[in-house]
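User: I'd like a close look at one spot in this model, and then a walk outwards from there. Please keep it informal.

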Amino acid sequence: MHMNIVFVSSEVFPFSKTGGLADVAGTLPVEIGNLGNNVKVFTPKYGSINETKHGLIYQEHISEIPITVSGEIKKVHVHKAFLPNTQIEVYFIDFQPFFFRDSYYTNDIDEADRFILFSKAVLEILQRIKWKPDLIHCNDWQTGLIPLYLKDNYSWDKLFHNTASLFTIHNVGYQGQFGAETLMKAEIRFEYFNNFGEVKQNDHVNFLKTGISFADIINTVSNTYAQELLTPEFSYGMDHILNYRGHDFYGILNGVDYNIWNPSTDKHIPFNYSPEDLSGKKQNKKVLCEQFNLPYDENIPIIGIVSRLAIQKGFDLIARSLEYLSHLPFQWIVLGAGEDYFEEMFQTFANYRPEKAACHIGYNNDLAHLIEAGSDMFLMPSHYEPCGLNQIYSLKYGTVPIVRKTGGLSDTVKDWDEYKARGEETGNGFSFDKYDGFALTNSVERALNCYKNKPVWQKIMLNGMKENFSWHRSAEQYALLYKKAISKVRG
Ligand code: ADP
């Protein structure tokens with residue numbers, strides 16, 4: 001059965017990106033299409049999206065769509081482009097007063113309105129182009145109202161009679177929680193707040209919970225994170241509803257796009273390399289050192305970090321261990337932007353120890369690739385990590401990951417066992433369980449020790465480079481979930 005799939009995401013690479021969601025939204029629809037399905041992608045048109053560069057075309061025949069938010073009619077415009085080198089259409093929802101802001105996500109007073117409008121616009125555009133979806137794949141809180149709208153506000157329309165929904169949780173830490181007045185703004189019935197509380201959390205309207213309550217099937221982006229989300233420790237209050245929906249809740253590990261993240265073809269790095277010929281990696285390390293003004297030393301490993309600088313990522317552990325780490329024989333390079341405290345911490349440390357540490361505060365895709373290629377190790381001590389992409393990229397680049405065993409990190413990084421026979425050992429990185437500074441520094445020291453032994457280190461690198469986390473397998477699992485959701489709706 002070929003399916004008509006609508007994929008809705010608040011960020012889509014290469015048009016917009018703050019994190020892993022964009023990478024998923026830029027690739028999964030292509031893989032789903034390759035399995036013989038028809039896919040259309042919907043996303044906001046942010047001010048930062050370059051129309052000419054990405055070939056956006058204004059859709060005159062569906063302009064000025066009236067959409068009611070907070071009782072006011074807003075006139076929405078639509079543009080269209082394709083995912084690069086594919087026939088997959090991307091619909092851009094254009095309402096400048098909402099989407100031309102300094103960042104995609106804001107703390108502005110109308111944050112709920114922005115994504116109410118987005119969610120309604122998806123359905124309104126489908127009505128106007130008369131395209132009947134078998135399933136709408138919603139991602140994160142920004143799209144959490146769509147499963148409710150399908151079952152309620154828009155259920156009068158025959159177009160959506162057999163439309164199922166899948167809701168994917170990419171990060172439970174972001175929920176879209178707003179005051180109870182949002183019920184009126186979004187035209188949500190009071191009974192969903194007052195009776196069983198399908199949309200209610202802490203006396204607020206919660207968009208993530210709404211998605212979980214009303215979607216036909218729910219999933220998250222790794223098996224371990226799916227298990228973790230059923231517990232209070234990890235779920236930010238969503239464990240009750242997720243346990244309630246337990247039979248409809250799955251984990252599917254994200255894949256990565258090896259057309260973009262592959263050291264043997266990567267166009268962003270000066271020297272390509274492969275498991276058969278690793279020499280380019282050393283050359284990249286030299287370029288990386290030059291670029292960051294660090295002295296190059298073959299025997300001193302570079303630890304790379306590329307990340308949103310958020311507490312979720314475990315940087316408080318680094319803060320606690322900074323003094324100890326500063327005495328260990330490695331250099332580090334940090335690329336990231338986010339919370340002031342961590343930006344300042346990395347910047348200050350780099351200023352204080354310029355021969356040991358460097359950092360670039362900001363977002364820079366080219367540098368992200370160079371750091372993956374030129375570093376020897378990659379550090380992700382996350383407090384929680386739904387899937388995590390950078391450790392998977394690191395494996396492919398022979399940049400040995402050091403991670404905390406949580407969520408997707410636990411499902412992708414296998415701890416190297418120093419005591420096993422070398423030939424048999426399949427470990428591809430270093431990991432630690434306990435969320436404390438000692439466990440972190442212990443893992444770093446283990447990695448530094450192994451680095452001294454060249455054959456051992458090469459084996460760990462090659463174990464990682466051989467791993468295959470391409471999207472194909474995950475896309476097949478998604479296609480199965482789509483079918484499950486569709487047969488649920490059709491009975
Ligand atoms: P999350 O989605 O929680 O931010 P992931 O590991 O799933 O974490 O995905 C992060 C993605 O964002 C990766 O592709 C990574 O390379 C990219 N990224 C994060 N910060 C930066 C940055 N400062 N510059 C360039 N790319 C970045």
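In which helix is A447 found?

Analyst: A447 is in helix α18, residues 437-452 (helices are DSSP runs of H or I with at least four residues, strands are runs of E with at least two, and both are numbered from the N terminus). Before going further, keep in mind that this is a predicted model, where local features need pLDDT of at least 70, side-chain atom pairs count only at pLDDT 80 or more, and totals for chains, interfaces and linings use all residues. Residues are numbered from 1 along each chain as its sequence is written, and side-chain values use heavy atoms, leaving out hydrogens and water.

A447 counts as buried because its relative accessibility is 0% (buried is under 20% relative accessible area, exposed is over 50%, and partly exposed is in between, using a 1.4 Å probe and protein chains only). Leaving aside residues up to four places away in sequence, A447 touches M377, I402, F430 and W457 (contact means heavy atoms within 4.5 Å). G429 sits 18 residues from A447 in sequence, and their C-alpha atoms are 8.2 Å apart in space.

Now zoom out to the domains. The assignment gives domain 1 (4-255 + 472-490) and domain 2 (279-468), with bounds that come from an automatic or database domain assignment. Their centres, taken over C-alpha atoms, are 33 Å apart. Across the boundary, 21 residues of domain 1 are in contact with 19 residues of domain 2.

The largest nonpolar core has 168 residues (such a core is a set of buried Ala, Val, Leu, Ile, Met, Phe, Trp, Tyr and Cys residues joined through side-chain atoms within 4.5 Å). Helix α4 (residues 111-129) gives the largest share of this core, 10 residues. The core lies between domain 1 and domain 2, because both give residues to it. The residues with the most contacts inside the core are I93, L126, I318, W332 and F346. Take I318 from that list: its partners are I305, L325, W332, M345, F346, L379, P381 and L440, again skipping residues up to four places away in sequence.

What about empty space? Searching the whole structure turns up one cavity of 30 Å³ or more, and the largest cavity has a volume of about 130 Å³. (On a 1 Å grid over the protein atoms alone, a cavity is a set of points where a 1.4 Å probe fits but cannot get out, a pocket is an open set with protein on both sides within 12 Å along at least five of seven lines, and lining residues have an atom within 4 Å of a point; points are joined across faces, edges and corners, and a volume is the space filled by probe spheres set on them.) The largest cavity is lined by 16 residues, and D23, T27, D257, W261 and Y393 are the closest to its centre. Both domain 1 and domain 2 give residues to this lining, so the largest cavity lies between them. α1 and α15 (365-374) each supply at least two of its lining residues, and α1 gives the most, with four. By class, the lining has eight nonpolar, five polar and three charged residues (Ala, Val, Leu, Ile, Met, Phe, Trp, Tyr, Cys and Pro count as nonpolar, Asp, Glu, Lys and Arg as charged, and the others, Gly among them, as polar).

α1 turns up again in the second largest pocket, where it gives the most to the lining, with five residues. That pocket has a volume of about 840 Å³ and 31 lining residues, with F13, P14, P84, D257 and I260 nearest its centre. D257, then, is on the list for the pocket as well as on the list for the cavity. The pocket lining splits into 13 nonpolar, 14 polar and four charged residues.

F13 and P14 deserve a second glance, since a cis peptide bond joins them, with omega about 10 degrees. P14 is in the loop between β1 (4-8) and α1. For context, most peptide bonds are trans, and most residues other than glycine have a negative phi. E64 has a positive phi of about 55 degrees; this residue lies in the loop between β3 (57-58) and β4 (65-69).
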